[in-house]
Amino acid sequence: MSCDGDQHTMQSSDDVLPPPGDIQVLLLTLDSVSLSWSSPQGLTGPQTFRVTWGCDGETSSTRVKDVYHLKISSLRPGEKYQFNVATEGEDGRQSRWVSASISTVVTPRDLKVDHLEETSFTLHWSKAEGMEKVPQRFFISNCIPGTDPLTAVTDDCHKNFSNLHPGTEYTVSVATVLSNGEQSEPVSSTICTILPAPDQLTVDSVDTTSAAVSWSQPPGLDHTQHHYKISYCCPGIKPHITTTSSPSITLCDLKPATEYSVTVCTVLENGKQSQLVLTTFTTVLPAPDQLTVDLVDTTSAVVSWSQPPGLGQTQHQYLISYHCPGTEPHITTTSSPSITLSGLQCGTQYSVTVCTVLENGKQSQLVSTTFTTILPAPDQLTVDSVDTTSADVCWNQPPGLDQTQHHYQISYHCPGTEVHITTTSSPSITLSDLQCGTQYSVTVCTVLENGKQSRLVSTTLTTKHLQWWKRPSTVAAVFVLLAVIMGLWDSYATSERDHLQNSLNTRTTERDQLQTSYNTPTKERDQLQTSYNTPTKERDRLQISYNTLTKERDQLQNSLNTWTTERDQLQNSLNTRTTERDQLQTSYNTPTKERDQLQNSYNTPTKERDQLQISYNTLTKERDQLQNSLNTWTTERDQLQNSLNTRTTERDQLQTSYNTLTKERDQLQTSYNTLTKERDQLQSSLNTRTTEIDKLKKSLNTTTMERDQLQKEIERLNWENKGKCVQRAHLFICFLIHSFCS
């Protein structure tokens with residue numbers, strides 16, 4: 001339909017009657033047109049109108065009475081017609097003419113979109129009904145609202161649009177153009193290109209309580225402001241929603257051994273979202289920690305471990321497997337973090353593995369350790385009989401070795417000699433070639449075929465002395481030897497007394513030197529004690545500062561958690577308001593479509609037009625109200641967004657303060673550790689010096705005692721030396737007489 005808008009009035013011969021209102025086109029087809037006009041101003045009652053129309057010199061005319069509309073048929077398609085309307089009186093008088101030029105060109109129909117993608121789409125339409133065989137072309141215009149349109153002309157009933165922006169609304173219009181240049185009204189449609197979703201959504205790494213998720217940036221968004229909305233949840237839990245501008249994110253505070261579903265979509269600045277892409281992952285089941293073997297006996301061992309983190313509210317147990325080389329593993333379960341393994345072989349190495357097991361059978365990684373049971377030592381080591389040069393030693397066989405090849409290793413020695421080592425497979429042995437009247441230390445241990453030894457058990461024995469006095473010849477030789485010794489003693493005692501006097505003087509000098517040496521370390525010890533007290537005070541001050549900073553850090557952490565909670569609440573409110581805004585936008589679009597339909601139906605007769613006008617006004621008011629509500633919600637959303645940004649900034653500032661205090665705390669901790677090490681070194685030095693002082697004091701006391709003993713010995717020898725000469729001579733004579741008589 002085309003109306004040139006060149007409506008004008010034509011002056012009649014008698015300008016008395018008022019003219020009708022402007023001509024309106026209610027409906028236009030290929031060979032007909034429905035016109036309407038309004039009532040002349042100032043006239044009441046029934047009115048008569050003269051209507052004329054013509055094309056290429058051919059003119060037709062008709063008269064209508066008491067109506068303000070007329071349908072004219074049998075028109076030629078694709079021609080431009082001139083329509084005139086004038087008020088006509090009963091006496092034949094006419095008002096001036098009201099005119100309009102209209103072309104019988106109909107708009108295309110069945111406008112639809114095909115192959116809609118991120119940067120292109122194809123538009124199809126059909127020729128107007130009845131104009132399928134009429135030569136025609138189509139004038140196409142497309143644009144982003146607020147920009148200059150791009151136009152094209154085609155003979156086909158389809159057009160492909162490419163190199164478009166993703167997620168953008170385009171307004172496309174198509175009009176029919178005949179070969180004579182006549183053009184219809186355009187038919188329009190709004191088309192939005194697809195916003196591409198993130199590509200290649202993958203889970204890079206999964207831990208017990210976190211997971212790293214990444215994706216590829218959608219194509220065509222290099223110069224478009226956008227971000228990504230991530231939602232993740234486990235079954236039965238409300239989804240967690242977060243956003244990021246980078247193509248990766250680390251999800252934290254997850255539950256161990258739990259399956260999570262993650263969805264990611266692209267979001268533009270206007271709130272438009274792409275399709276969701278989905279993936280799933282399962283967090284790792286944590287394995288037991290700090291696996292240790294606490295108590296190992298000959299046939300049992302206690303194995304313990306720490307409960308894995310994050311399983312406080314999750315039903316689980318532990319699967320334990322243990323074996324020695326060449327045997328089948330023993331498998332058992334327990335719900336406590338420790339177990340006693342019994343019925344083991346003594347002196348054998350065992351491998352133990354432990355893993356966490358959930359109720360659904362899912363197992364964690366294995367943690368393992370090894371231990372070796374104790375090889376039992378011989379029991380009740382006793383010495384049965386002792387002679388001057390031999391001794392019998394026996395013991396009981398260790399328990400649990402009846403079926404195990406083993407022997408015993410025996411070592412024995414006396415002070416100042418090398419150790420004699422021998423072996424035996426029986427629980428007793430006879431030690432020979434011993435020295436008479438000598439104490440021996442004897443140790444025995446169990447030895448397996450692989451060389452493994454038990455702990456040592458030991459005892460002592462003393463061989464018997466030789467009884468020389470029962471032989472006369474031996475007694476005579478002893479008395480002769482004693483006479484010679486007593487004869488030599490006089491000369492030796494004098495020299496020994498002089499030697500002891502010199503030793504006394506030497507020890508006195510050494511004692512004085514030791515006293516001086518003792519005084520010097522004592523002073524150094526006092527200095528070290530003073531140096532030790534100073535770092536200790538500094539350490540205490542640093543400890544107080546460290547505790548204060550730790551409390552401030554905890555307060556800042558609590559404030560950070562509070563702000564984070566409020567930010568999440570604001571984010572939820574923002575999401576709620578955004579959803580309500582989208583619903584209002586949908587509600588707004590619906591009345592707009594109805595308004596457009598009503599506008600198309602407006603080209604019906606006048607009464608229907610008035611009713612549609614009322615409906616149109618009502619819907620327009622509703623649309624305006626919805627638009628106001630939408631604007632209100634948008635303002636509130638922006639305020640919430642500003643509050644969210646403010647809280648996020650405050651949280652970041654608190655995080656920065658928290659990090660700064662943490663660094664200061666670490667520096668204080670380092671200084672505290674350094675001073676503690678220096679204090680320990682000074683304490684070690686102090687202990688070393690104290691030990692040296694104690695040793696020097698003992699040496700001084702020993703030397704003093706030796707000097708006193710030497711002094712007493714010298715005095716005793718001086719008194720005894722005078723009287724022993726006569727006694728020795730007398731004893732020697734008696735010995736000679738006795739020997740001669742014998």
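These notebook entries follow my look at the salt bridges in a predicted model.

**Ground rules.** I worked on a predicted model, in which local features need pLDDT of at least 70 and side-chain atom pairs count only at pLDDT 80 or more, while totals for chains, interfaces and linings use all residues. Residues are numbered from 1 along each chain as its sequence is written, and side-chain values use heavy atoms, with hydrogens and water left out.

**Count.** I took a salt bridge as a side-chain nitrogen of Lys or Arg within 4 Å of a carboxyl oxygen of Asp or Glu, and by this rule I noted seven salt bridges.

**Asp91 and Arg93.** I looked up this pair and found their side chains joined in a salt bridge, with N to O at 2.7 Å. For the surroundings I used relative accessible area (buried under 20%, exposed over 50%, partly exposed in between, with a 1.4 Å probe and protein chains only). Asp91 is exposed at 52%, whereas Arg93 is partly exposed at 32%.

**Arg109 and Asp110.** I then turned to Arg109, which forms a salt bridge with Asp110, the closest N and O atoms lying 3.2 Å apart. Arg109 has a relative accessibility of 35% and I entered this residue as partly exposed.

**Arg665 and Asp666.** Here I recorded a salt bridge between the two side chains at 3.0 Å, N to O. Is Arg665 buried or exposed? Arg665 counts as buried, at 17% relative accessibility, while its partner Asp666 is partly exposed at 36%.

**Network.** I closed with Arg50, Arg63 and Glu88, which I noted as linked in a network of salt bridges.
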